[in-house]
Amino acid sequence: AYLEYRLHKAFNPRAGIIIAPLGRFNLYHDSNLLDITPRPLVSSFIIPSTYSDSGIGALGSFDLGKSVKLSYEGYVVNGLRSDEEGEIVREAGLAESKGLNKLVDNNGQKAAVGRIVLSPALGLELGASGYRGKHDARGFYDLSIWAFDGRYQYKGFQVQGEYARSAMQRDQSSD
């Protein structure tokens with residue numbers, strides 16, 4: 001559940017438990033069209049599938065011409081979690097890392113997540129997403145995830161794809 005106040009097409013604040021705008025699949029993972037198809041590999045190993053989190057932020061869109069549209073979503077969230085020693089990630093990858101969906105964070109440090117989408121023509125969408133925050137309970141590990149996605153639809157034909165990378169680094173100042 002979240003609260004959203006529709007101020008203007010270009011800026012709408014939102015707070016609560018949000019679906020993190022990290023890749024296109026995560027935003028549209030509950031579609032009835034996906035009942036018989038498996039999750040994409042990128043949403044099984046790199047981006048935690050069905051990732052939602054407690055946070056606050058904004059979303060909106062701008063018309064940049066007759067058929068060109070730019071939209072965005074950006075939030076400050078509690079962040080993806082790991083267990084105390086980070087064993088979840090070392091053994092299972094990011095697939096088992098989830099948001100807490102609580103008001104309390106696992107390490108007291110917030111993360112940022114956002115997505116920007118350019119639609120230069122009817123039926124074409126190009127998106128870029130990013131996530132950055134501490135991952136483990138002690139706050140020693142920085143986690144970054146970057147994703148790029150695209151979708152093209154013409155009449156009954158549709159093609160879509162997503163590429164993502166993640167990196168985890170130990171914060172040198174924590175030594």
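This dialogue works through the sheet and two buried residues of a predicted model.

Student: What should I keep in mind about the model before reading its features?

Tutor: The model is predicted, so local features need pLDDT of at least 70 and side-chain atom pairs count only at pLDDT 80 or more, while totals for chains, interfaces and linings use all residues. Residues are numbered from 1 along each chain as its sequence is written, and side-chain values use heavy atoms, with hydrogens and water left out.

Student: In what order do the strands of the sheet run?

Tutor: Strands (E, at least two residues) and helices (H or I, at least four) are DSSP runs numbered from the N terminus, and two strands pair if DSSP finds at least two bridges between them. Here 8 strands form an open sheet in the order β1-β2-β3-β4-β5-β6-β7-β8, with antiparallel pairing. The edge strands, each pairing on one side only, are β1 (2–4) and β8 (157–170). From one strand to the next the twist averages 15 degrees, where axes are lines fitted to C-alpha atoms, for helices over the stretch in contact, and angles run from 0 to 180 degrees between N-to-C directions.

Student: Which residues stand opposite each other in β3, β4, β5 and β6?

Tutor: As a general idea, the side chains in a regular strand alternate between the two faces of the sheet. In this structure, β3 (residues 52–63) and β4 (residues 69–77) pair in the antiparallel sense over 9 bridges, and Ile56 has Val76 in β4 as its bridge partner. Strand β4 also pairs with β5 (residues 111–121) in the antiparallel sense over 9 bridges, with Tyr75 opposite Val113 in β5. Strands β5 and β6 (residues 124–134) run antiparallel and are joined by 8 bridges, Ala112 having Arg132 in β6 as its bridge partner. These two strands form a hairpin with 2 residues between them, and Gly123 in the turn has a positive phi of about 95 degrees.

Student: Is Ser52 buried or exposed?

Tutor: Buried means under 20% relative accessible area, exposed over 50%, and partly exposed in between (1.4 Å probe, protein chains only). Ser52, found in strand β3, has a relative accessible area of 18% and is therefore buried. Its C-alpha atom is separated by 9.4 Å from that of Val77, 25 residues apart along the chain.

Student: Why does Arg24 count as buried, and which residues does Arg24 touch?

Tutor: Arg24 lies in helix α1 (residues 24–27), and Arg24 counts as buried because its relative accessibility is 12%. Not counting residues up to four places away in sequence, Arg24 touches Arg115, Glu125, Asp149, Arg151, Gln160 and Glu162, where contact means heavy atoms within 4.5 Å.
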